[in-house]
Amino acid sequence: VQLVESGGGLVQTGDSLRLSCTASGITFSINTMGWYRQAPGKQRELVAVITSGGGTTNYADSVKGRFTISRDKVKNTIYLQMNSLKPEDTAVYYCYVRRVIILSQYDYWGQGTQVTVSS
């Protein structure tokens, strides 16, 4: 599975950005897609995930009400709409895919896209 991310950039506090991630290659059995982020000196943390089947979503408390994850199953693409951005949202954002085949799971990561929010 190859993941191509786009949409990062430099914005000001209160602005919006939309990240995109498209999966290609072996895309069957994708169970979950989502976004994680890693700020300098911090551990990578979950931002938002969405299941492939039912579209169930899960968000970090810090982004609830501001970020929305969505998916286009036909295009194997997910989006992260980020509104009301804050300086603490500054991080490298990584696209994430988990495939589940019987009892085995396989995780894939994108190369990351930088999001910088200036105060």
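Me: Which residue in β8 is the bridge partner of L17?

Reply: In β8, M82 is the bridge partner of L17. This is a predicted model, in which local features need pLDDT of at least 70 and side-chain atom pairs count only at pLDDT 80 or more, whereas totals for chains, interfaces and linings use all residues. Residues are numbered from 1 along each chain as its sequence is written, and side-chain values use heavy atoms, with hydrogens and water left out.

Me: What makes β3 and β8 a pair of strands?

Reply: A strand is a DSSP run (E, at least two residues), numbered from the N terminus. Two strands pair if DSSP finds at least two bridges between them. Strand β3 (residues 17-24) and strand β8 (residues 77-82) are joined by six bridges, so the condition is met. The two strands run antiparallel. Another bridge between them has C21 and I78 as partners.

Me: How do you know that β7 and β8 pair as well?

Reply: Six bridges lie between β7 and β8, so they satisfy the rule, and the pairing is antiparallel. One of the partnerships is that of T68 with Q81 in β8. These two strands form a hairpin with four residues between them, and N76 in the turn has a positive phi of about 50°.

Me: Why are β1 and β7 called edge strands?

Reply: The open sheet has four strands in the order β1-β3-β8-β7, with antiparallel pairing. Both β1 (2-6) and β7 (67-72) are edge strands, each pairing on one side only.

Me: How many residues of β8 are buried?

Reply: Five of the six residues of β8 are buried, and the strand is mostly covered. Buried means under 20% relative accessible area, exposed means over 50%, and partly exposed lies in between (1.4 Å probe, protein chains only).

Me: What makes C21 and C95 a disulfide?

Reply: A disulfide is a pair of cysteine sulfur atoms within 2.5 Å. The S to S distance of C21 and C95 is 1.9 Å, so the pair qualifies. The count by this rule is one disulfide. C21 belongs to strand β3 and C95 to strand β9 (residues 91-101), so the pair ties together parts that are 74 residues apart in sequence.

Me: Why is this disulfide called left-handed or right-handed?

Reply: The torsion about the S-S bond of C21 and C95 is about -85°, so the disulfide is left-handed.

Me: Are C21 and C95 buried or exposed, and what is the reason?

Reply: C21 has a relative accessible area of 0%, so it is buried. C95 also stands at 0% and therefore counts as buried.

Me: What makes D89 and R37 a salt bridge?

Reply: In a salt bridge, a side-chain nitrogen of Lys or Arg is within 4 Å of a carboxyl oxygen of Asp or Glu. For D89 and R37 the N to O distance is 3.0 Å, so the condition holds. D89 is in the loop between β8 and β9, and R37 is in strand β4 (residues 30-38), 52 residues apart. The structure holds five salt bridges.

Me: What further salt bridge does D89 form with R66, and which network results?

Reply: The side chains of D89 and R66 meet at 2.8 Å, N to O. Salt bridges that share partners join R37, E45, R66 and D89 into one network.

Me: Why are D89, R37 and R66 called buried?

Reply: The relative accessible area is 1% for D89, 5% for R37 and 10% for R66. Each value is under the limit, so these residues count as buried.

Me: Is D61 buried or exposed?

Reply: D61 has 64% relative accessibility, so it counts as exposed. D61 forms a salt bridge with K64, the closest N and O atoms being 3.1 Å apart.
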